[in-house]
Amino acid sequence: MSERQNAARSVLILVPEEGLLFEAAGIADIFQQANLLGSGARPYRFTVATTLTHRIVRGRSGLCLIADASLTDLDPREPRDTVIVTGGGASEAENDAIAE
């Protein structure tokens, strides 16, 4: 097997402003549980990132989440096995920015 096949799978969880924070938290919890149930090595390496230029994202409820990174801080050349975009953004413009 190649080194890439043995490496943890990279998962990026994107959280837009005024998104549904429970989706990001739930997805992160599921991947963490999979890591705990795995046999030895952690099969998933996940990162929670906001679509904003900073790491604090405010959900629809008004609660805030501190993401691991801002999308602008991530290296676009780094391979990602899975990208998950949580609940919709606050505007069409943000939805379009996420899609780009």
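Me: Where should I begin in this model? Which residues is Val-57 in contact with, leaving aside its neighbours within four places in sequence?

Reply: Happy to help! Keep in mind that this is a predicted model. Setting aside neighbours within four places in sequence, Val-57 is in contact with Val-15, Pro-16, Glu-17, Leu-21, Thr-50, Leu-52, Leu-63, Cys-64 and Leu-65.

Me: How do I go from one residue to a core? Which residues have the most contacts inside the largest nonpolar core?

Reply: The general idea is that in soluble globular proteins, nonpolar side chains tend to be buried together. Here the largest nonpolar core has 13 residues, and Val-57 is among those with the most contacts inside it, alongside Ile-13, Val-15, Leu-21, Val-48 and Leu-65. Two or more residues come from each of E1 and H2, and H2 gives the most, with 5 residues. Apart from this core lies another, of 5 residues, including Leu-14, Ala-49, Ala-69 and Leu-74.

Me: Let's look at H2, then. Why does its span agree with what a helix should give?

Reply: A helix should span 1.5 Å a residue, so the 17 residues of H2 (residues 21-37) should cover 24 Å, and the end C-alpha atoms are indeed 24 Å apart.

Me: Which residues of H2 are buried, and what do they pack against?

Reply: The buried ones are Leu-21, Ala-24, Ile-27, Ala-28, Phe-31 and Asn-35. Seen down the axis, they fall within an arc of 140°, so they line one face of the helix. Their packing partners are the strands E1 (9-15), E2 (44-50), E3 (56-58), E4 (64-66) and E6 (82-85).

Me: And which exposed residues does the face turned away from the buried side carry?

Reply: That face of H2 carries Phe-22, Asp-29, Ile-30, Leu-36 and Leu-37.

Conventions
Residues numbered from 1 in each chain as written. Predicted model: local features only at pLDDT ≥ 70, side-chain atom pairs only at ≥ 80, totals over all residues. Heavy atoms only, no water. Helix = DSSP H or I, 4+ residues; strand = E, 2+ residues; numbered from the N terminus. Expected span 1.5 Å × (residues − 1). Buried < 20%, exposed > 50% of the residue type's maximum accessible area, 1.4 Å probe, protein only. Arc of directions from axis to C-beta. Contact = heavy atoms within 4.5 Å. Core = buried A, V, L, I, M, F, W, Y, C linked by side-chain atoms within 4.5 Å.
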